[in-house]
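Thank you all for coming. I would like to take you through one structure this morning, slowly, and in an order that lets each part lead to the next. Please have a look at it before I begin.

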Amino acid sequence: MVKAIKINNLKYSYDERPLFNDFNLEIDAGQWVALVGHNGSGKSTLAKLILGLLVAEHGDIDVFDERLTVETVHHVRSKIGMVFQNPDNQFVGATVADDVAFGLENIQVESSEMPQKIDNALTIVGMQEFKNREPHTLSGGQKQRVALASVLALQPKIIILDEATAMLDPDGRATVMETLQKLKKQFGKELTLVTITHDMDEATLANRVVVINDGQKILDGTPAEVFSQRKTLHENGLELPFANELAFHLNEKPDKYMDERELIQWLSTLNK
């Protein structure tokens, strides 16, 4: 199996405090991995290390078999698209189309090719009809979809979203997550997604969930495997997804992880 990201014996200190110590993680090409943990657990720092925005004290980071070094950092970054928490910090263009064009200009795409690439990227995220709008007139969810389009236009192999829904209202959050599901369905194994979040319901959409705390990997598995470990999650400052947390607060203990649809079916059987 091709590895999109391979981290080996990573060591890094933050403000002279050891954060990662011999940290190891492998992500297969085409996986959707949710990296979860409470604020300050190290998940955003890990993303910056993968991008080469921070430099590890020891250990190796490989992106599609290319070792991240001072010499290779720019080429490695070309394989990765990053969407940050606050979409307003990412806009540089006067219009939506201008903003998507900015990244293409940076990699010197021919001007004759840009209109089609811009339209394709905006169409994928459902924002093509807004291409002439000023970014500040958009909702939070729409802004994040434009940010996604700007990344998609560059055709990265990996997209990392760092708390990309944290500042959105429920509707905006749902729209972004629906867009991510569509992206995975459309691109399949050609696209690797890493979503950094502390929202457990978002994490249930991924193929795999990795829980970290204080730079250590606590749990790693499918959503069903990870969210069956309620005690461990609570000890590390995390709740279960809504469906399972509700079941426990009802003083019932289902023997497996459930999504919301399964919760509704399960609740309907309690009084029978």
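**A hairpin, a sheet and what surrounds them**

Let me start with β1 and β2, which form a hairpin with 2 residues between them, and in that turn Asp-15 has a positive phi of about 50 degrees. I should say at once that this is a predicted model, so please hear everything that follows as a description of a prediction.

Staying with the hairpin, its two strands run antiparallel and are joined by 9 bridges. One of the facing pairs is Tyr-14, which stands opposite Arg-17 in β2.

Now, which strands make up the sheet, and in what order? There are 4 of them, arranged as β2-β1-β4-β5 in an open sheet, and the pairing is antiparallel. At the edges we find β2, covering 17–28, and β5, covering 66–67, each of which pairs on one side only. As general background, strands of a sheet pair through backbone hydrogen bonds, either parallel or antiparallel.

On its other side, strand β1, residues 3–14, is joined to strand β4, residues 58–63, by 5 bridges, and these two strands also run antiparallel. Among the facing residues here, Ile-7 stands opposite Ile-61 in β4, and Asn-8 stands opposite Asp-60 in β4. Against this sheet packs helix α1, residues 43–51, which touches β1, β2 and β4, and whose direction makes about 115 degrees with that of β1.

Let me turn to the charged side chains. Side chains of opposite charge can pair when their charged atoms come close, and in this model the count comes to 12 salt bridges.

I will pick out a few of them, beginning with Glu-26 and Lys-6, whose side chains meet at 4.0 Å, N to O. Because Glu-26 lies in strand β2 and Lys-6 in strand β1, the pair ties together parts that are 20 residues apart in sequence. Glu-26 counts as partly exposed at 34% relative accessibility, and Lys-6 likewise counts as partly exposed, at 36%. These two belong to a network, since salt bridges that share partners join Lys-3, Lys-6, Glu-26 and Asp-28.

Asp-60, which we met a moment ago opposite Asn-8, also forms a salt bridge, in this case with Arg-67, at 3.4 Å, N to O. Asp-60 is partly exposed at 29% relative accessibility, and Arg-67 is partly exposed at 38%.

The last pair I want to show is Lys-79 with Glu-66, whose side chains meet in a salt bridge at 2.8 Å, N to O. This pair links distant parts of the chain, with Lys-79 in the loop between α2 (73–77) and β6 (80–83), and Glu-66 in strand β5, 13 residues apart. Are these two residues buried or exposed? Lys-79 counts as buried, at 10% relative accessibility, and Glu-66 is buried as well, with a relative accessible area of 17%; the cut-off behind that word is a value under 20%.

Finally, let me say something about the spaces in the model, starting with the largest pocket, which has a volume of about 710 Å³. There are 20 residues lining that pocket, and the closest to its centre are Ile-80, Met-82, Gly-103, Val-151 and Leu-154. If we ask which elements contribute, β6, α3 (96–106) and α5 (140–152) each supply at least two residues of the lining, and α3 gives the most, with 4 residues.

Besides this pocket, the count comes to 1 cavity of 30 Å³ or more, and about 60 Å³ of space lies in the largest cavity. The residues that line the largest cavity include Ile-5, Leu-25, Ile-27, Leu-35 and Lys-43, and further along the chain Ile-160, Val-194 and Ile-196. The elements giving two or more residues to that lining are β2, α1 and β8 (192–197).

Which element gives the most to the lining of the largest cavity? The answer is α1, with 4 residues, and that brings us back to the helix that packs on the sheet.

How values were computed:
Residues numbered from 1 in each chain as written. Predicted model: local features only at pLDDT ≥ 70, side-chain atom pairs only at ≥ 80, totals over all residues. Heavy atoms only, no water. Pairing = 2+ DSSP bridges. Contact = heavy atoms within 4.5 Å. Axes fitted to C-alpha atoms, helices over the stretch in contact; angles between N-to-C directions. Buried < 20%, exposed > 50% of the residue type's maximum accessible area, 1.4 Å probe, protein only. 1 Å grid on protein atoms, 1.4 Å probe; cavity = no way out; pocket = protein on both sides within 12 Å on 5 of 7 lines; lining within 4 Å. Points joined across faces, edges and corners; volume = space filled by probe spheres on them.
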